Amino acid sequence: MLRSLGQRSVTGSDEDPRVAQLRTAVSRLRRELAAHPAEFPDRGIAEDELACLAAMVITGSPEVPCLRRSLLLIAGAIGSVSALARGLSDVRAAVELFGRPPRR
């Protein structure tokens, strides 16, 4: 169980629990998007950026600016599709585990 932001999983794996959570959230949203019957103009953008996020978590240490850029593009592409709101929210929460952007 994850007790604080910086701790590693105690299941014997060296995987960062933030990466595991992001991988799960991205995978879930990709499945939900694939199953969503309606076509919308920016669906391809969302699919491409989710694929990029999936590739980033394979390395185990994704770059936060790239995560945030992909999240922004995905949110812009599917933000108005209410059926995907929960999955998008989960991806956003997982990205935020890597740290919030600096305040300007």
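The buried residues of helix 1 pack against three partners: helix 2, helix 3 and helix 4. That is a handy place to enter this predicted model, whose protein chain has four helices and zero strands. Read from the N terminus, the elements follow the order α-α-α-α. The points below go from the helices to the core and then to single residues.

**The chain as a whole**

- The protein chain has 104 residues, and 36% of them count as buried.
- Its accessible surface comes to about 6700 Å², and carbon and sulfur atoms account for 54% of that surface.
- If we take the contacts between residues at least 6 apart in sequence, 61% of them join residues at least 24 apart.

**Helix 1**

- Helix 1 has 19 residues, which at 1.5 Å a residue should span 27 Å; the end C-alpha atoms are 27 Å apart, so expectation and model agree.
- The buried residues here are Pro17, Val19, Leu22, Ala25, Val26, Leu29 and Leu33.
- Ser27 also belongs to helix 1, but Ser27 is partly exposed because its relative accessibility is 31%, which lies between the 20% and 50% cut-offs.
- Ser27 and Val91 are 64 residues apart along the chain, yet their C-alpha atoms are separated by 9.4 Å.

**Helix 4**

- Helix 4 covers residues 85-96, and its 12 residues should span 16 Å at 1.5 Å a residue; the distance between its end C-alpha atoms is 16 Å, so the two values agree.
- Its buried residues are Gly87, Leu88, Asp90, Val91, Ala94, Val95 and Glu96.
- The cover over these buried residues includes helix 1 (17-35), helix 2 (43-59) and helix 3 (64-78).

**The nonpolar core**

- The largest nonpolar core holds 25 residues, and those touching the most other members are Leu22, Leu29, Leu53, Ile78 and Val91.
- Each of helix 1, helix 2, helix 3 and helix 4 supplies at least two residues of this core.
- As general background, nonpolar side chains tend to be buried together in soluble globular proteins.
- Leu29 makes a good example to click on: leaving aside residues up to four places away in sequence, Leu29 touches Leu50, Ile74, Ile78, Leu84, Gly87, Leu88 and Val91.

**Hydrophobic residues with some exposure**

- Leu73 sits in helix 3 and is partly exposed, because its relative accessible area of 31% falls between 20% and 50%.
- Not counting residues up to four places away in sequence, Leu73 touches Ile45 and Glu49.
- Leu73 and Leu50 lie 23 residues apart in sequence, with 9.5 Å between their C-alpha atoms.
- Ile58 is part of helix 2 and is exposed, because its relative accessible area is 69%, over the 50% cut-off.
- The C-alpha atoms of Ile58 and Ala20 are separated by 9.7 Å, while the two residues are 38 apart along the chain.

**Cysteines**

- The structure holds zero disulfides.
- Cys52 is in no disulfide, and the nearest cysteine sulfur belongs to Cys66, 9.2 Å away.
- Cys66 is likewise in no disulfide, with the sulfur of Cys52 as its nearest cysteine sulfur at 9.2 Å; a disulfide would need the two sulfur atoms within 2.5 Å.
- Cys52 counts as partly exposed because its relative accessible area is 35%, between 20% and 50%.
- Cys66 is partly exposed as well, because its relative accessibility of 33% falls in that range.

**Asp16, ahead of helix 1**

- Asp16 lies in the segment before helix 1.
- Asp16 is buried, because its relative accessible area is 10%, under the 20% cut-off.
- The side chains of Asp16 and Arg18 are joined by a polar contact of 2.6 Å.

Technical notes. Residues numbered from 1 in each chain as written. Predicted model: local features only at pLDDT ≥ 70, side-chain atom pairs only at ≥ 80, totals over all residues. Heavy atoms only, no water. Expected span 1.5 Å × (residues − 1). Buried < 20%, exposed > 50% of the residue type's maximum accessible area, 1.4 Å probe, protein only. Contact = heavy atoms within 4.5 Å. Areas by Shrake-Rupley, 256 points an atom, 1.4 Å probe, with all protein chains shown as cover. Core = buried A, V, L, I, M, F, W, Y, C linked by side-chain atoms within 4.5 Å. Polar contact = N/O pair within 3.5 Å; in protein donor to acceptor, adjacent residues only side chain to side chain.
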